[in-house]
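Let's learn to read a protein structure together, one feature at a time. Have the picture open while we talk.

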Amino acid sequence: MTTIRRFCCDDLLRFAPVNLDHLTETFNMSFYMTYMARWPDYFHTAVNPGERVMGYIMGKVEGQGESWHGHVTAVSVAPEFRRQKLAKTLMNLLEEISDKMDKAYFVDLFVRASNMPAIRMYEKLGYVVYRRVLRYYSGEEDGLDMRKALSQDVDKKSIIPLKRPITPDELEYD
């Protein structure tokens with residue numbers, strides 16, 4: 001049986017195996033701790049009965065006006081726990097919090113343009129490619145900014161794709 005709960009400090013010492021995938025972005029400890037402190041509702045983990053971390057999602061809410069949105073900073077599932085819909089469950093949780101609690105207009109995420117399994121999964125969850133960000137990952141690989149409109153965005157304006165790629169310096173950060 002899998003339990004979904006808020007990520008806690010102890011998990012920082014137990015989630016390294018989830019991050020061993022070469023496509024998973026890893027961050028320093030202070031980065032994770034900042035997310036736990038500032039956006040605790042957006043940081044969850046899936047654990048098995050032995051409290052082994054099976055996967056996690058880390059995100060935040062940001063923007064203003066019609067750009068107010070939930071953002072998926074990272075979602076990762078350990079290889080041995082994949083294909084059990086854990087990522088879908090974690091994504092649905094973040095979307096629900098963004099939509100119902102924070103009244104966000106959309107949820108967005110960035111994914112490597114070469115990561116076709118992840119892109120297909122996000123598409124199945126209702127995400128569309130909003131724009132391509134040239135050399136987003138380490139100045140080498142393009143990233144795709146994918147979005148899913150939420151109930152606040154009645155006209156779905158947030159997911160109308162841009163017609164041209166952008167560079168990282170053109171991204172808006174809050």
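What follows is a chat between a learner and a teacher about rings, a buried serine and some backbone angles.

Q: What kind of model is this, and how are residues numbered?
A: It's a predicted model, where local features need pLDDT of at least 70, side-chain atom pairs count only at pLDDT 80 or more, and totals for chains, interfaces and linings use all residues. Residues are numbered from 1 along each chain as its sequence is written, and side-chain values use heavy atoms, with hydrogens and water left out.

Q: How many aromatic pairs are there?
A: Rings of Phe, Tyr and Trp (its six-membered ring) pair if their centres lie within 6.5 Å; planes under 30 degrees apart are stacked, over 60 edge-to-face, and the rest tilted. This structure has 14 such pairs. Take Phe27 and Phe31: their ring centres are 4.3 Å apart and the planes meet at 20°, so this pair is stacked. Phe31 also pairs with Tyr35, with centres 4.9 Å apart and planes at 40°, so that pair is tilted. Ring pairs join these residues and others, including Trp39 and Tyr56, into a cluster.

Q: Is Tyr35 buried or exposed?
A: Buried means under 20% relative accessible area, exposed over 50%, and partly exposed in between (1.4 Å probe, protein chains only). Tyr35 is at 5%, so call it buried. Phe31, at 29%, is partly exposed.

Q: Which residues touch Ser98 from further along the sequence?
A: Contact means heavy atoms within 4.5 Å. Setting aside neighbours within four places in sequence, Ser98 is in contact with Tyr42, Gly70, Lys103, Ala104, Val107 and Leu150. Ser98 belongs to helix H2 (residues 86-101); helices (H or I, at least four residues) and strands (E, at least two) are DSSP runs, numbered from the N terminus. With 0% relative accessibility, Ser98 is buried.

Q: What is unusual about phi in Lys85?
A: Most residues other than glycine have a negative phi. Lys85 has a positive one, near 65°. You'll find Lys85 in the loop between strand S4 (69-77) and H2, and at 58% relative accessible area it is exposed.

Q: Where is Arg135, and what is its phi?
A: Arg135 is in strand S6 (residues 128-137), and its phi is near 50°, again a positive value in a residue other than glycine. Its relative accessibility is 42%, so Arg135 counts as partly exposed.
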